[in-house]
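Here is a report on one protein chain, written to be read beside its sequence and model. Keep the 3D view open as you go.

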Amino acid sequence: MATQAPLVIVGASYAGTQLAASARELGFEAPIVMVGDERHAPYQRPPLSKGLLTGKTPVDRLELRGPDFFAQNDIDLRLGLRATALDTRERTVTFDDGTVQPYGWLALATGARCRPLSVPGTGLEGVFNLRTLDDALGVAGALARSKRACVIGGGFIGLEVASALSTRGADVTVIESQPRLLARVFPAPMSEYVAAAHRRRGVSLVTGRGVRQLHGKQGRIDAVELDDGTHIECDMAVLGTGVLPNTDLAEQAGIATGNGILVDASGRSSVPRVLAAGDVANMAMPAVPGGRAVHLRLESIQAANDGARAAAAVLVDREQPFTGVPWFWSDQFELKFQMAGLPASGDTTVLRGDTATDRFTLFYLRDGAVAAAHSVNRPAEHMQSRKLIASAARIAPQLLADESVDLKSLVAAA
Ligand SMILES: Cc1cc2nc3c(=O)[nH]c(=O)nc-3n(C[C@H](O)[C@H](O)[C@H](O)COP(=O)(O)OP(=O)(O)OC[C@H]3O[C@@H](n4cnc5c(N)ncnc54)[C@H](O)[C@@H]3O)c2cc1C
C-alpha cells in the first residue's frame, strides 16, 4: 500500500503544535512532518517577557508539550530546519538543507518576526529584540550587568519588559512614539490607567517622541537619542516595536496575502490544500459574535490555538470555523490584565470597580450589548465577560456597573 503524502507544517510553535495535536485527536492518519527553524523544541513565548526576566519561570519549564508528545503522536518534528520555497502545483516544500518534501496538505504556521527599527545603532551590543527564547536569554543576561534600560515601544511586550526589568531593580524608561501607551489596542482611559500604574511603580515614560539614533561607546549602547535631540542614557535597550507576519514563503508561492496570509474562518488559504493559522494568518471572522465577517490578524495564544483547531478540522472534512470571542492577557508588575472582545471607537464604556484599587473591569457596549471588556486583577469577571460577549445580550449599563449584582446572574439571564 502506498504511503499517503504527509501533512507538512512549517513553523513549530503554538499554531503548528496545536494543528498537529488536533489533527491526531480528530483521527487524521497520514504522516505529519513539522519543521521549525529554531533550535529549541516548541516552547511558551508569553513568559519570555514576564517570568523568565523576573526569574519566576525557569527555562526548563517553558516546553509547550512533554518530551514524549511528538513521538507518541507520530509527529516527525524536525528542528533547526527552514523552509525556503513552496511549489503548490507539484505540492512540495524545499528546506535549507536542500531536501525537497512532498506534501498532501501544507499548513503555514510561520508566525511573526520583530518589526525592525530603522534608525542607526540597532546593531550595537546591548540592543535586543524580543521574540525568541534566545532573544530573552540575551535580555536576561544583559540585565544582570545593567542599571539603566530603555524600552522602545509602549505596547504589551514593551510594558511587560519594562515591568520585569524595573522589578529586577533597573531604572527603566519606556519611549513610545504615539501620544499614549497601547494606542493600537486600548482606548484612551485604559492607556491613562496603564501609564499611571507604571509611573507609580517607578517607570519613566516618554510618549509622542520617536527615536532618532542609538549611540554607543566601543560598540556598546550608552544612550538613546530622541527626535527632539534629548539623550537618554542606558546600558541596554529592548525593542518592542511590534511584529510583521512571516508571509515571504506564501507570497513567493502566489498564495493570497495582505497583512498576513488571507484565510477563511477555517484556515483555508487561496490555494487548495494549503492552510494557515496563528500570527501569520489574517482570518475572515466576525469581530463580534454573530457579526459580519472581517479580516483580523490576531496575535495571541488563543487565536493561534483556535485557528489551528479550525484548520485541523478541514483535514478530516469537518467544519469547525473560528467563532470564539478573542481574548488575551498581559502581566505587568502585580497587575493581571485580561482582555476579551475587540473594542471599537464609538463604544459606550461602563466601569465596574475602582481604577484606584487596581481591581476593575471596563466594559464596552455596542448597540447595548457587551462587545468587549478589559479587566485588571478580576479574573472571574473576565471569564463572565467572555460569556456575556458571546451571548450578545443587551445588558443595562447600571447592572454592569453595580458590584452588588453578580455577573454570573447576568450571564444566566442572557
Ligand atoms: C515576548 C512575548 C510575549 C507574549 N505574551 C503573550 C501573552 O501574554 N498572551 C498571549 O496571548 N500572547 C502572547 N504573545 C503572543 C504569542 O506568543 C503569539 O501569538 C504566538 O506565539 C503565535 O504563535 P504562532 O505559532 O502563530 O507563531 P510563532 O510563535 O511566531 O511561531 C512561528 C515559528 O515558525 C518559525 N518559522 C518561521 N518561518 C519558518 C520557516 N520558513 N521554516 C521553518 N520555521 C519557520 C519561527 O521561527 C517560529 O519558531 C507573546 C509573544 C511574545 C514574543
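## A salt bridge between Arg39 and Asp134

Arg39 and Asp134 form a salt bridge. Their closest N and O atoms are 2.8 Å apart. The model is predicted, and every distance here is computed from it.

The domain assignment splits the protein into three domains. Domain 1 covers 7-113 + 244-315. Domain 2 is 116-241, and domain 3 is 334-413. By these bounds, Arg39 falls in domain 1 and Asp134 in domain 2.

## The interface of domain 1 and domain 2

Four salt bridges cross the interface of domain 1 and domain 2. Nine residue pairs are in polar contact across it, with both residues at pLDDT 80 or more. On the domain 1 side, helix α2 (residues 51-54) gives the most to the surface that touches domain 2, with three residues.

How many residues of each domain are in contact with the other? The count is 18 from domain 1 and 18 from domain 2. About 1500 Å² is buried between these two domains. Carbon and sulfur atoms give 62% of that area. The C-alpha centres of the two domains lie 30 Å apart.

## Salt bridges over the whole model

The rule finds 26 salt bridges in total. One pairs the side chains of Lys50 and Glu160, at 3.0 Å from N to O. This pair links distant parts of the chain, 110 residues apart. Lys50 sits in the loop between β2 (32-36) and α2. Glu160 belongs to helix α5 (residues 156-167).

## Asp235 and the β13-β14 hairpin

Asp235 lies in the loop between β15 (231-233) and β16 (236-239). Which backbone nitrogen atoms does the side chain of Asp235 reach? One is that of Lys147, at 2.7 Å. Another is that of Arg148, also at 2.7 Å. Leaving out residues up to four places away in sequence, Asp235 touches Ser146, Lys147, Arg148, Arg220 and Ile221.

Arg220 and Ile221 fall within strand β14 (residues 220-226). Strand β14 runs antiparallel to strand β13 (residues 211-217), and six bridges join the two. Leu214 stands opposite Val224 in β14. The hairpin of β13 and β14 has two residues between the strands. Gln218 takes a positive phi there, near 50°.

## A three-stranded mixed sheet

Three strands make an open sheet with mixed pairing, in the order β18-β20-β21. Its edge strands are β18 (261-263) and β21 (293-296), and each pairs on one side only. On average, neighbouring strands of this sheet are turned by 25° against each other, direction ignored.

Strand β20 (residues 281-286) runs antiparallel to β21, joined by four bridges. Ala284 has His295 of β21 as its bridge partner.

## A five-stranded antiparallel sheet

A second open sheet has five strands in the order β22-β23-β26-β25-β24. Its pairing is antiparallel. Why do β22 (327-332) and β24 (348-354) each have one side without a neighbour in the sheet? They stand at the edges with a single partner strand each, so one side of each is left without a neighbour. Neighbouring strands here are turned by 15° against each other on average, direction ignored.

Within the sheet, strand β23 (residues 335-341) pairs with strand β26 (residues 369-376) over five antiparallel bridges. Gln338 has Ser375 of β26 as its bridge partner. Strands β24 and β25 pair over seven bridges, also antiparallel. There, Gly353 is matched with Phe360 of β25.

## The β24-β25 turn and helix α9

How many residues lie between β24 and β25 in their hairpin? Four do. Asp358, in the turn, has a positive phi of about 60°.

Helix α9 (residues 379-391) lies across the five-stranded sheet, on β22, β23, β24, β25 (359-366) and β26. The helix runs at about 165° to β26. By the domain bounds, residues 379-391 belong to domain 3.

Notes:
Residues are numbered from 1 along each chain as its sequence is written. This is a predicted model: local features need pLDDT of at least 70, side-chain atom pairs count only at pLDDT 80 or more; totals for chains, interfaces and linings use all residues. Side-chain values use heavy atoms; hydrogens and water are left out. Two strands pair if DSSP finds at least two bridges between them. Axes are lines fitted to C-alpha atoms, for helices over the stretch in contact, and angles run from 0 to 180 degrees between N-to-C directions. Contact means heavy atoms within 4.5 Å. Domain bounds come from an automatic or database domain assignment. Buried area is the accessible area (1.4 Å probe) that two parts lose on being put together, summed over both. A polar contact is a pair of N or O atoms within 3.5 Å; within protein, one must be able to donate a hydrogen and the other to accept it, and residues adjacent in sequence count only if both atoms are side-chain atoms.
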